[in-house]
Amino acid sequence: MSSASSSSTSSTSTVSTSALPVASLGTPRIGPRRELKFALESFWSGASDEKALIEAGAGLRAANWVRQKKLGVSVIPSNDFSFYDQMLDTSVMVGAIPEIYRWNGGPVPLATYFAMARGAQGKANEASCGHTHHGHDAANGMPAQEMTKWFDTNYHYMVPELAKDQQFTLASRKPIEEYEEAKALGYQTRPVLVGPVTFLKLAKSKDTGFNPLSLLDRLLPVYIDVLRELACRGAEWVQIDEPCMVLDLDIIAQQALHYAYSEIANAVPQLKIMLATYFGGLGGNRDTALALPVAGLHLDLVRAPDQIDGLADFPDNRVLSIGIIDGRNIWRADLVRILDRLEPVIAKLGKDRVQIAPSCSLLHVPIDLALETGLDSEIKSWLAFSVQKLEELTTLGTALAGGRGAVEASLKASDQAAAARKASPRIHDAKVAARIAGIDAAMRRRASVFTDRVGVQHERFNLPAFPTTTIGSFPQTAEVRKARAAHASGALTDEVYKVYLQDQTARAVQWQETIGLDVLVHGEFERNDMVQYFGEQLAGFAFTTHGWVQSYGSRYVRPPVLFGDVSRPKPMTVEWWQYAQSLTKKPMKAMLTGPVTILNWSFVRDDMARSEACRQIALAIRDEVADLEAAGAGMIQIDEAALREGLPLRKSEWKAYLDWAVDAFRLCSSGVRDETQIHTHMCYSEFNDIINAIGAMDADVISIETSRSKMELLDAFRDYRYPNEIGPGVYDIHSPRVPDVGEMTALLRLARKRLSDAQIWINPDCGLKTRKWEEVRPALVNMVAAARELRASA
């Protein structure tokens, strides 16, 4: 590929020896124009073969190395690329492949890798997986592994599944191969590995009461094999990520860290380990971190800036990697302010003992602001994407090594941008401030308690037992996306586009009636994204064209940029709800995205408390809820898919977050009459962490993702004795598999063991936007059939 061939010339460029070392902890893997997405989806559809996918990956890796070298990065990572997820890569590397995937040793086939990520549909996959399935697996395919959020980000990882008798073996040489690949192109890289303790801490087991950390003795030999081979092939440093060190670790986990890194140091003494922590401060794990026998330690000074004040006892023989540029948000850095903070640290530790870096991998930000040719120029001047963040680091590195005079122009531009943003009249709105000041307790609670509301709602809707519905969206086909693009470019007039969307909506409503769903949705064909659609209609948000970040696999999102005070100039969804409801006599849910999710899935302003910004969004959504109810909507779903995601990593900070998050939901949802049924939806979560907050939200119906956990996530609701109604997802929409009636019925039986029949709704795990109609149609038909079986046996 051209990107690979061009690397030979750029690899000879050098970084000025007068600059402080600039390290990259990881770079976006998706490609500036989403090249990885299109390569993956072409492969999955059968339009291209494995060779083409592998070549596309090699081209993206080479382009990433070229880009970082040109930007002045002196410590360039390898093995930060993945076809799906770095935790999945680690599971495959150590041979942690559950029996259901029928792996019999040796190199792990790509088909097995993607079956773990996405599931596999029955016998059609046997040949490509290189093995034969038997019994239930052959008939029904293989489900994907469980997926959940990576710490408090919107990135999803595949949860390793381990057993008491788990054995590990080196099953993938990916870290070694990608180090060698970079070396052949002229790059001496620092390979990146997910740390063994973090890997085990984030794993799960079906064996009750089993702690995966007890497997550390078995796991470490595989890590040591990888590290030894990297050292033999010329690697001088390896970055090992242990973000679990910013969590509340017990003594067992702290001892596991001591043991793991002592074993690694003894086994591979010639290799230098940069232990990377991020997403927060070390807190109570600080002494543990400083005592580990590693050559370097990376600290996140964006999320935990106070860590810079506690370096008096930083070991003399260790390199400090300072995470000073925000790897999770897109605001331009105030370089002068950062220099003021760093210069005393550099003077104390010495230039030869310090690296500067982003706070974490740049996986969580878009690639290049230069691609945003249509973005408002004033707002653009306030932003920095991955490329610009590395440029900022290079500027800082030069200033810290040789003085500010060498980068005077860059520092002046940074100063001017910071001052212009602070003074811009586009940021603050006096009317919004007045509304916030006028919030009172009555605005935060329903008129009646749920036990009084539920009877009124049942009388209004008269639904059967175990009512069926979906979460909201239907497939956004290539045809729908093409029409949206044509409308955006002006090739399709507003009127023609509206007629097209009405036709799509009408077809979806008619089909739902035909298969017998009880509560319908309009399909959301007019919406590009559940957050972007609302942000585009709210004051205070801006949008990019190429600001894509990975959520999981080939699923990328363009988070809105929340730059100013938020308000709702006019109704956003009422017209489409009215049109859809006019097509049916069945209840039509109105669909909204909640304030916490809009906040957590946006790049949020950093000049205001998140809680304050969330309340502003809540008032805007409250206005929409009121207009929908006035238009006749009896069911209004306010999705809070990301509520758990925003939970702070330290338990001591949970209550403060949950208090304002629940407050925002109640503020937007509590102004309705008793007969109006408020729904909400939440994605993969450890619900036991937030079950009290879910109860306090007081939604009439909550739908949740539970199929991958086999309804285990309902245990939290059972133990809490959750009184309201629940729709536990009965099939995994993140996989192309179509589960049969028996599989769904079995899941519902598990749900009935945990919930009363009167509580249970039946729905998919999540919205169906990313699926194809040929998957959705049979799956929902099976879901309706499963509901009928349940009613017959109740």
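This passage describes the internal cavities of a predicted model. A search of the whole structure identified six cavities of 30 Å³ or more. The two that rank highest by volume are treated in turn below.

The largest cavity has a volume of about 580 Å³. Its lining is made up of 36 residues. Of these, M530, R555, W601, C766 and K769 lie nearest the centre of the cavity. Two or more lining residues are contributed by each of the strands β13 (549-552), β14 (555-557) and β16 (590-593). The largest share comes from β16, which supplies three residues. When the lining of the largest cavity is sorted by class, 16 residues are nonpolar, eleven are polar and nine are charged.

For the second largest cavity, a volume of about 300 Å³ was computed. The lining in this case comprises 24 residues, and those nearest the centre are N79, Q86, V192, V194 and D241. Elements giving two or more residues to this lining are the helices α5 (86-93) and α9 (174-184) together with the strand β5 (190-194). Helix α5 gives the most, with four residues. The lining of the second largest cavity divides by class into 13 nonpolar, six polar and five charged residues.

Conventions:
Residues are numbered from 1 along each chain as its sequence is written. This is a predicted model: local features need pLDDT of at least 70, side-chain atom pairs count only at pLDDT 80 or more; totals for chains, interfaces and linings use all residues. Side-chain values use heavy atoms; hydrogens and water are left out. On a 1 Å grid over the protein atoms alone, a cavity is a set of points where a 1.4 Å probe fits but cannot get out, and a pocket is an open set with protein on both sides within 12 Å along at least five of seven lines; lining residues have an atom within 4 Å of a point. Grid points are joined across faces, edges and corners, and a volume is the space filled by probe spheres set on the points. Ala, Val, Leu, Ile, Met, Phe, Trp, Tyr, Cys and Pro count as nonpolar, Asp, Glu, Lys and Arg as charged, and the others, Gly among them, as polar.
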